[in-house]
Structures are given as C-alpha cells and as structure tokens.
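Student: Please take a close look at one part of this model, the nonpolar patch on its surface, and then set it in the context of the rest of the chain.

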Amino acid sequence: MPTSRGTGSASRFRRASISTLVTLTQLPMASMMTSLSSMSTHVGPGYSLPTDEMAESIQSFARLESIILDPVYTGKGAAGFLSLARSGKFDQEQRLLFIHTGGAPSLYHYQTLPSSKK
C-alpha cells in the first residue's frame, strides 16, 4: 500500500531514499518529495521468509540481467518492482528505476528457494 509519510524507521527510509534519488538523478528535491512512494505488498508471510514472487524475481534478474539479488530485501523489492512494472500503470516510454541495495552474500544462507512458475 503506497504511503507518502511515515514515522520512525519508515520516515528515515523515505528521507534516505529521496536523498539517494536526488543524488543519482540530479532532479530537484521537490519533485522527489511528491513522486516517491513505498509499498509493503510483497513482504509475504514475514521477514526472511521466501515467496514464489521473490524467487521468480531473483531468477529473472540473474538470467536476464546477470544481477544477483538476495532473498530478504532486494529479492522481495524486485518482486514488487516487477509486479508494478507489469501492472500497466506506467506508459512504455516512462523510465522506472530499481535501486539494488546489496545483500547478495545472504543468498548463500538460503539453499533452496521456492521454484518460480514458468
């Protein structure tokens, strides 16, 4: 569910995200304040618990882009990103950005992941 303002760690995450986007894109802070939202729809059953969508995103990023994602953060974030990108909410001309925040070493902790549906 999209949120625009939060408290505590959600608010700190939002501020850090906006600061990072301003640095990366060189766009004005004001435009980032109005266009950034966060979602918690792909958390699944809980922290560090794999989901089918997360496994599919890890496999897709690795196979198609040679990008390794971890199952806890970037795998679930990528699952949400792919779901949103595929939703038809954006025009094909729009550019979407997924920021990979690291975490690949935790991939070794998970010996088996749910297999993605083909």
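**The nonpolar patch and its surroundings**

Tutor: Leu 24, Leu 97 and Ile 99 make a nonpolar surface patch of about 280 Å². The model is a predicted one, and the patch should be read with that in mind. Of the residues in the patch, Leu 24 sits in helix α1, which covers residues 9-25. Leu 24 counts as exposed because its relative accessibility is 55%, and the cut-off for exposed is over 50%.

The setting of the patch is a helical protein. There are four helices and zero strands, and the order along the sequence is α-α-α-α. The accessible surface of the whole protein is about 8,400 Å², with 58% of that area belonging to carbon and sulfur atoms. Among its 118 residues, 24% count as buried. Of the contacts between residues at least 6 apart in sequence, 61% join residues at least 24 apart.

Leu 97 and Ile 99 of the patch lead to the aromatic residue numbered between them, Phe 98. A search of the whole structure gives two aromatic pairs. In one of them, the ring centres of Phe 81 and Phe 98 are 5.4 Å apart and the planes meet at 50 degrees, so this pair is classed as tilted. Phe 81 belongs to helix α4 (residues 74-86) while Phe 98 belongs to the segment after α4, so the pair ties together parts 17 residues apart in sequence. Both rings belong to one aromatic cluster, which is formed by Phe 61, Phe 81 and Phe 98. Phe 81 has a relative accessible area of 21% and is therefore partly exposed, given that buried means under 20%. Phe 98 is also partly exposed, with a relative accessibility of 23%.

Helix α4 also takes part in a polar link. Side chains of opposite charge can pair when their charged atoms come close. The count for this model is one salt bridge, which joins the side chains of Glu 56 and Arg 86 at 3.3 Å, N to O. The bridge connects distant parts of the chain, since Glu 56 is in helix α3 and Arg 86 is in helix α4, 30 residues away. Arg 86 is exposed, with a relative accessible area of 56%.

A further residue to place is Val 43, in the loop between α2 and α3. Val 43 is partly exposed, at a relative accessible area of 39%. Apart from neighbours within four places in sequence, Val 43 is in contact with Thr 51 and Lys 76. The C-alpha atoms of Val 43 and Tyr 73 are 9.0 Å apart, although the two residues are separated by 30 residues in sequence.

Confidence limits how far this picture can be taken. The mean pLDDT of the protein is 78, and 75% of the residues score at least 70. Helix α3 (residues 52-65) has the highest confidence, with a mean of 92, and helix α2 (residues 29-35) has the lowest, with a mean of 73. Over residues 1-6 pLDDT stays under 50, and the model has 13 contacts beyond four places in sequence for that stretch. Where pLDDT is low, the predicted coordinates should not be read in detail.

Technical notes
Residues numbered from 1 in each chain as written. Predicted model: local features only at pLDDT ≥ 70, side-chain atom pairs only at ≥ 80, totals over all residues. Heavy atoms only, no water. pLDDT = per-residue confidence, 0-100. Helix = DSSP H or I, 4+ residues; strand = E, 2+ residues; numbered from the N terminus. Contact = heavy atoms within 4.5 Å. Phe/Tyr/Trp six-rings, centres within 6.5 Å; stacked < 30°, edge-to-face > 60°. Buried < 20%, exposed > 50% of the residue type's maximum accessible area, 1.4 Å probe, protein only. Patch = residues over 30% accessible without salt bridge, like charges linked within 9 Å, V, L, I, M, F, W, Y side chains within 5 Å. Areas by Shrake-Rupley, 256 points an atom, 1.4 Å probe, with all protein chains shown as cover. Salt bridge = Lys/Arg side-chain N within 4 Å of Asp/Glu carboxyl O.
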